[in-house]
Amino acid sequence: MIILKNHDEIEKMYRAGQIVKASLDEVEAAIRPGVSTWELNEIAERTSLKLKGKPAFKGYRGFPACLCTSINDEVVHGIPRKNRILKEGDIIGIDYGASFEGYFGDSARTIPVGFSPKGKVADLLATTKKALELAISATAEGKFVRDVSEAIENYVAPKGFGIVKDYVGHGIGTKPHEDPPIPHYVTRERGARLQVGMCICIEPMINMGTDEVQLLEDGWTVSTVDGSLSAHFEHTLAVTEEGVRVLTI
Ligand code: MG
Ligand code: MG
């Protein structure tokens, strides 16, 4: 069931989104070779608490941390650990959610560790980021979820990258995940019609190789089956009377 939000609720979601943004900004600033993913987790938590936000993922369905940290061939839901140390040349996806007065925000970005990407790595990161931007541009009242999916697929597929199908975007509100699902590829379904008051997260996960992913033994981390690199960018947005508002930038 899709739950529409009124103006006041969207304001709270904006506050949550800004806490998420600030927390990710602090984490990004701390990313360098030698830092552990656990330190990044602590930075995210501390920043949110300082801004009166509550980390959303801590304990969510049993997740053992606040921040998801997914390195190289890890796609999503990587668990921060004290002994997981970033190295020069890694890429790390940082995915974070927080709530403010019971309303949630959710955002992700993928950051190179201590290097300026070139060639195919640069292309993967730029393509994933651009796919999210195109999807946001395709979001409008009266359009359908498929229009958003199509914007991503039409841009990414010709480049030969794999669009992850097993994990999709979602509605968001008083829960971190609500209806409707937002696939990043075209399905047979037209999907929900976008209406004023809908709040959604779009979060393309793009692999350098095939789209196949697997769940690792820790029960959380998802990685590419072929070992290829994966990138992930996400924003939370609201469809309003005045147009689409991105809540996490
Ligand atoms: Mg997320
Ligand atoms: Mg999400």
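**View 1. Glu 101 sits in the loop between strands E4 and E5.** Welcome to the first close-up of this predicted model. Helices and strands here are DSSP runs, numbered from the N terminus: helices are H or I runs of at least four residues, and strands are E runs of at least two. The residue on show, Glu 101, is exposed, with a relative accessible area of 54%. For such areas, buried means under 20%, exposed means over 50%, and partly exposed lies in between, using a 1.4 Å probe and protein chains only. Look also at the backbone: Glu 101 has a positive phi of about 45°, although it is not a glycine. Most residues other than glycine have a negative phi, and most peptide bonds are trans.

A note for reading every view: residues are numbered from 1 along each chain as its sequence is written, while chains are lettered from A and ligands numbered from 1 in the order in which they are written. In this predicted model, local features need pLDDT of at least 70 and side-chain atom pairs count only at pLDDT 80 or more, whereas totals for chains, interfaces and linings use all residues, and side-chain values use heavy atoms, with hydrogens and water left out.

**View 2. His 77 is another residue with a positive phi that is not a glycine.** Its phi is near 65°. You will find His 77 in the loop between strand E3 (74-76) and E4. With a relative accessible area of 24%, His 77 is partly exposed.

**View 3. Asp 179 and Pro 180 are joined by a cis peptide bond.** The omega angle of this bond is about 0°. Pro 180 belongs to strand E8, which covers residues 178-182.

**View 4. The magnesium ion (ligand 1) is held by donors from Asp 95, Asp 106 and Glu 234.** Donors are N, O and S atoms within 2.8 Å of the metal (3.2 Å for Na, K and Ca); water is not among the atoms, so sites may look incomplete. Asp 95 is listed twice with OD, alongside OD of Asp 106 and OE of Glu 234, and these donors lie 2.0 to 2.8 Å from the ion. Along the sequence, the donor residues follow the spacing D-x10-D-x127-E. Asp 95 lies in strand E4 (residues 91-100) and Asp 106 in strand E5 (residues 103-112), 11 residues apart. Both of these aspartates are buried.

**View 5. The magnesium ion (ligand 2) has donors from Asp 106, His 170, Glu 203 and Glu 234.** The donor atoms are OD of Asp 106, NE2 of His 170, OE of Glu 203 and OE of Glu 234, lying 2.1 to 2.3 Å from the ion. Their sequence spacing reads D-x63-H-x32-E-x30-E. Which residue bridges the two magnesium ions? Asp 106 does, and the ions (ligand 2 and ligand 1) lie 3.1 Å apart. Glu 203 is in the loop between strand E9 (199-202) and strand E10 (205-207), and Glu 234 is in the loop between strand E13 (230-232) and strand E14 (235-240), so this pair ties together parts that are 31 residues apart in sequence. Glu 203 and Glu 234 are both buried.

**View 6. Ser 99 is a buried residue of the model.** Ser 99 has a relative accessible area of 10%, and its place is in strand E4. Contact means heavy atoms within 4.5 Å. Leaving aside neighbours within four places in sequence, Ser 99 is in contact with Ala 16, Lys 52, Gly 53, Lys 54 and Phe 104.

**View 7. Ile 10 and Leu 247 are 237 residues apart in sequence.** In space, their C-alpha atoms are 8.7 Å apart. Ile 10 lies in helix H1 (residues 7-30). Is Ile 10 buried or exposed? At 7% relative accessibility, Ile 10 counts as buried. Beyond its neighbours within four places in sequence, the contacts of Ile 10 include Gly 197, Cys 199, Ala 238 and Leu 247.

**View 8. The protein chain has four helices and 15 strands.** Step back now for the whole chain. Of its 249 residues, 54% count as buried. Among contacts between residues at least 6 apart in sequence, 70% join residues at least 24 apart. Its C-alpha atoms fill a box of roughly 45 × 45 × 30 Å, taken along the principal axes.
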